[in-house]
Amino acid sequence: MNTPLNSFRNLPDERGHFGQFGGRYVAETLMPLVLDLEREYRAAQADPAFQAEFDDLLEHYVGRPSPLYFAPRLTEELGGAQVWFKRDELNHTGAHKINNCIGQILLAIRMGKTRIIAETGAGQHGVATATVCARFGLPCVIYMGAEDVKRQSPNVFRMKLLGAEVVPVTSGGATLKDAMNEGLRDWVANVHDTFYIIGTAAGPHPYPEMVRNFQSVIGKEARAQMLDRTGRLPDLLVAAIGGGSNALGLFHPFLDDPTVKMLGVEAAGHGLDGDEHAASLLGGTPGVLHGNRTYLLQDEDGQITEGHSISAGLDYPGIGPEHAWLKESGRVDYTAVTDEEALDAFQLLCATEGIIPALEPSHAIAAVKKVAPTMPKDSIILANLCGRGDKDIFTVAERLGVEL
Amino acid sequence: MSRFAAAFGKSAPALVCFITAGDGDTAANLDALVEAGADVIELGMPFTDPMADGPAIQAANLRSLGAGTTTHDVFKIAFEFRERHKDVPLVLMGYANPMVRRGPEWFGSQCAAAGVDGVICVDIPPEEDDALGPTLREFGVAPIRLATPTTDAARLPQVLAGSEGFLYYVSVAGITGKQQAQIESIEANVARIKQSSDLPVAVGFGVRTPEQAAAIAKVADGVVVGSALVEICGEYGAEAPAKLRELTSALAQAVHTARQD
Ligand SMILES: Cc1ncc(COP(=O)(O)O)c(C=O)c1O
């Protein structure tokens with residue numbers, strides 16, 4: 001696709017930078033691999049057979065295109081803009097994560113790699129990775145913080161059923177960032193045969209770009225579906241942000257549509273005024289972690305602080321570098337909603353639409369709940385329903401004081 | 001002559017010793033290393049997320065941060081070391097984020113003021129040199145680069161360009177404190193690097209014993225020992241200096257005499 005000169009869609013540059021963000025901040029041992037990965041990814045991008053296989057698997061294995069759904073009762077309840085959802089929670093494995101995993105495993109196979117590793121927080125990316133490994137018969141090691149292993153036992157069991165080895169990580173705070181450290185340690189020690197499937201639009205270049213591109217199927221479909229159904233583009237896109245992959249997947253194909261506003265929703269946890277949140281953009285500062293320069297939760301010495309969110313998938317102290325750039329450029333607005341607000345939105349969607357959302361998109365729904373009433377009735381909000389809530393029913397039950 | 005040139009210009013190979021700043025009584029531990037024969041000191045800057053380190057150095061980072069070590073404390077340790085030891089090269093080793101947090105100028109000026117000779121930043125490869133390298137050079141602090149078994153011939157010139165002080169050859173593709181590489185592979189790689197550079201080459205990762213150190217000293221300009229010393233700091237606490245002295249003497253003896261037979 002041709003992009004105009006003043007496009008928001010033509011980054012990163014050849015060094016993997018989005019303005020001052022992004023890049024390849026990795027140990028020298030990994031640098032040649034990261035360069036090799038970029039070369040192979042460019043070759044795959046130029047190969048119609050690669051794209052054809054990706055599309056075929058998305059259609060017949062993942063179940064794409066996912067529906068675009070108008071939510072009539074939620075719209076009525078909120079009394080403002082029409083609310084529409086991109087239904088990526090209907091994908092195989094229940095979230096958008098699988099889109100990216102299909103792309104990366106095809107690349108791994110193309111590169112002749114024989115062993116797959118990944119990090120996971122909530123377990124959704126771990127499940128999606130274990131799924132594609134089973135599908136293609138590759139051994140798979142998933143690093144998961146020991147705390148998350150405890151919090152997300154159903155997903156741990158799912159990964160094991162799918163044949164993955166799940167390694168609990170006890171270093172640091174034993175959550176997602178520590179799992180990512182352990183993934184990087186494994187990768188440096190097994191560079192010859194191992195492919196690291198990173199689960200969000202972060203990490204060293206080319207991961208942020210590559211993950212965004214694999215996830216862009218969300219926005220490409222949604223844009224065409226919306227035009228087809230309503231003859232116009234939406235006025236506002238809304239998506240939750242952990243590392244930022246579902247949000248970029250939805251936003252990126254619309255970035256050069258000037259009438260389309262965008263809102264990324266971070267996790268405010270117990271509130272942005274304290275330490276217990278996971279809002280890297282709104283409550284953090286720029287720094288370098290996990291291969292890229294981006295906004296981080298950190299102290300004045302550059303030590304990384306632990307994020308908090310009711311949603312394990314948003315509980316990461318960084319954010320993909322493209323979001324850092326989109327924030328600074330002003331193209332996308334960012335907000336944050338608390339655990340409480342997300343829980344309310346979770347219940348609201350269950351009650352009005354008969355859809356149990358994951359806690360991650362519940363943050364997006366909470367933001368929709370706030371903005372929809374301020375917009376005229378003929379305006380359109382499109383939110384990314386990027387995951388289903390089956391994995392979260394235990395957390396929600398506990399918060400609501402219900403014993404299962 | 002720079003302190004590096006002097007340390008690597010001695011008649012025997014150099015022993016390079018690494019410990020983490022703020023893990024125990026660092027001044028006493030450093031003095032023990034120097035008195036027992038360390039030629040170059042690498043002082044680790046603690047970081048919450050030491051991605052390239054194995055369990056021993058990860059634990060040292062957490063002990064240090066748990067004890068409340070700040071970046072100011074690290075520079076204070078460095079400054080006081082320089083007052084006590086005028087001639088021993090001092091290198092700060094760590095990760096990018098604590099180094100760039102207050103801007104590269106702040107970091108470079110602090111290094112210069114504290115008498116730090118060089119900086120090894122694990123996660124700033126040549127591709128991202130802008131983030132810190134130019135400022136360090138401006139302040140007369142050597143950016144010390146790492147070469148690894150995956151650094152192929154095409155890439156080596158890029159690693160060497162802009163490297164100062166010495167070159168650190170990481171002998172294994174992996175994290176600190178784990179397995180040791182075959183001596184043949186180390187010898188070949190050091191020879192390859194020395195063909196393209198006049199910098200001294202120090203070899204590290206996985207070196208624990210005087211025997212291993214001696215074998216490497218036969219083929220390189222320096223030998224780096226880290227995890228084995230860091231483990232002593234963790235295990236012996238206040239008693240660490242005596243134990244560090246013991247191991248360092250044996251390592252120094254092995255390294256300094258390796259080429260005599
Ligand atoms: C359903 C769902 N949504 C969102 C996220 C957050 O990731 P990202 O911001 O990359 O979409 C996760 C992560 O686990 C998830 O499982």
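1. Let me start with a proline. Pro206(A) sits in the loop between strand 8 (194-196) and helix 9 of chain A. The peptide bond leading into Pro206(A) from His205(A) is cis, with omega near 10°. Keep in mind throughout that this is a predicted model, so I'd look at these backbone details with that caveat in view.

2. There is another cis bond to look at in chain A. Leu11(A) and Pro12(A) are joined by a cis peptide bond, and omega there is about 10°. Pro12(A) belongs to the segment before strand 1 (17-18) of chain A. Arg15(A), which comes up again below, is also in the segment before strand 1 of chain A.

3. Two backbone angles deserve a glance. Thr93(A) has phi near 75°, a positive value in a residue other than glycine. You'll find Thr93(A) in the loop between strand 4 (82-86) and helix 4 (97-110) of chain A. In chain B, Phe205(B) is not a glycine either, yet its phi is positive at about 85°. Phe205(B) is placed in the loop between strand 8 (201-204) and helix 10 (210-217) of chain B.

4. Now the interface. Chain A puts 37 residues in contact with 37 residues of chain B. About 2,900 Å² is buried between the two chains, and carbon and sulfur atoms give 48% of that area. Three residues stand out on the chain A side: Glu28(A), Arg185(A) and Asp301(A) supply 25% of the area that chain A buries against chain B, more than any other three residues.

5. On polar pairing, the interface of chain A and chain B has 22 residue pairs in polar contact, counting pairs with both residues at pLDDT 80 or more. Which elements of chain A supply at least two residues each to the side that touches chain B? They are strand 2 (21-25), helix 1 (31-45), helix 8 (176-189) and strand 11 (285-289). Helix 8 of chain A gives the most, with 8 residues. By class, the side of chain A that touches chain B divides into 15 nonpolar, 12 polar and 10 charged residues.

6. Salt bridges next. The whole structure has 42 of them over all chains, and the count between chain A and chain B is 5. Side chains of opposite charge can pair when their charged atoms come close. Arg15(A) is a good place to see this across the interface: the side chains of Asp130(B) and Arg15(A) meet in a salt bridge at 3.9 Å, N to O. Glu128(B) also forms a salt bridge with Arg15(A), and here the closest N and O atoms are 3.7 Å apart. Glu128(B) lies in the loop between strand 4 (118-121) and helix 7 (133-138) of chain B while Arg15(A) is in the segment before strand 1 of chain A, so the pair joins two chains.

7. On to the open spaces. The largest pocket holds about 590 Å³ of space. Its lining has 24 residues, and the closest to the pocket centre are Gln45(A), Gln51(A), Asn213(A), Ser216(A) and Lys220(A). Helix 1, helix 2 (48-62), helix 9 (207-215) and helix 10 (217-230) of chain A each bring at least two residues to this lining. Helix 2 of chain A gives the most, with 6 residues. Sorted by class, the pocket lining has 10 nonpolar, 7 polar and 7 charged residues. Note that helix 1 turns up here and also on the side of chain A that touches chain B.

8. Finally, the closed spaces. How many cavities of 30 Å³ or more does a search of the whole structure find? There are 7, and the largest has a volume of about 360 Å³. Of the 31 residues lining this largest cavity, those closest to its centre are His96(A), Lys97(A), Gly199(A), Gly243(A) and Gly313(A). Strand 5 (115-120), helix 5 (124-136), helix 8, helix 11 (245-251) and helix 15 (359-371) of chain A each supply at least two residues of the lining. The class split for the cavity lining is 12 nonpolar, 15 polar and 4 charged. Helix 8 of chain A is worth tracing on screen, as it contributes to this lining and to the side that touches chain B.

Key. Residues numbered from 1 in each chain as written. Chains lettered and ligands numbered in written order. Predicted model: local features only at pLDDT ≥ 70, side-chain atom pairs only at ≥ 80, totals over all residues. Heavy atoms only, no water. Contact = heavy atoms within 4.5 Å. Buried area = accessible area lost by both parts, 1.4 Å probe. Salt bridge = Lys/Arg side-chain N within 4 Å of Asp/Glu carboxyl O. Polar contact = N/O pair within 3.5 Å; in protein donor to acceptor, adjacent residues only side chain to side chain. Helix = DSSP H or I, 4+ residues; strand = E, 2+ residues; numbered from the N terminus. Nonpolar A, V, L, I, M, F, W, Y, C, P; charged D, E, K, R; others polar. 1 Å grid on protein atoms, 1.4 Å probe; cavity = no way out; pocket = protein on both sides within 12 Å on 5 of 7 lines; lining within 4 Å. Points joined across faces, edges and corners; volume = space filled by probe spheres on them.
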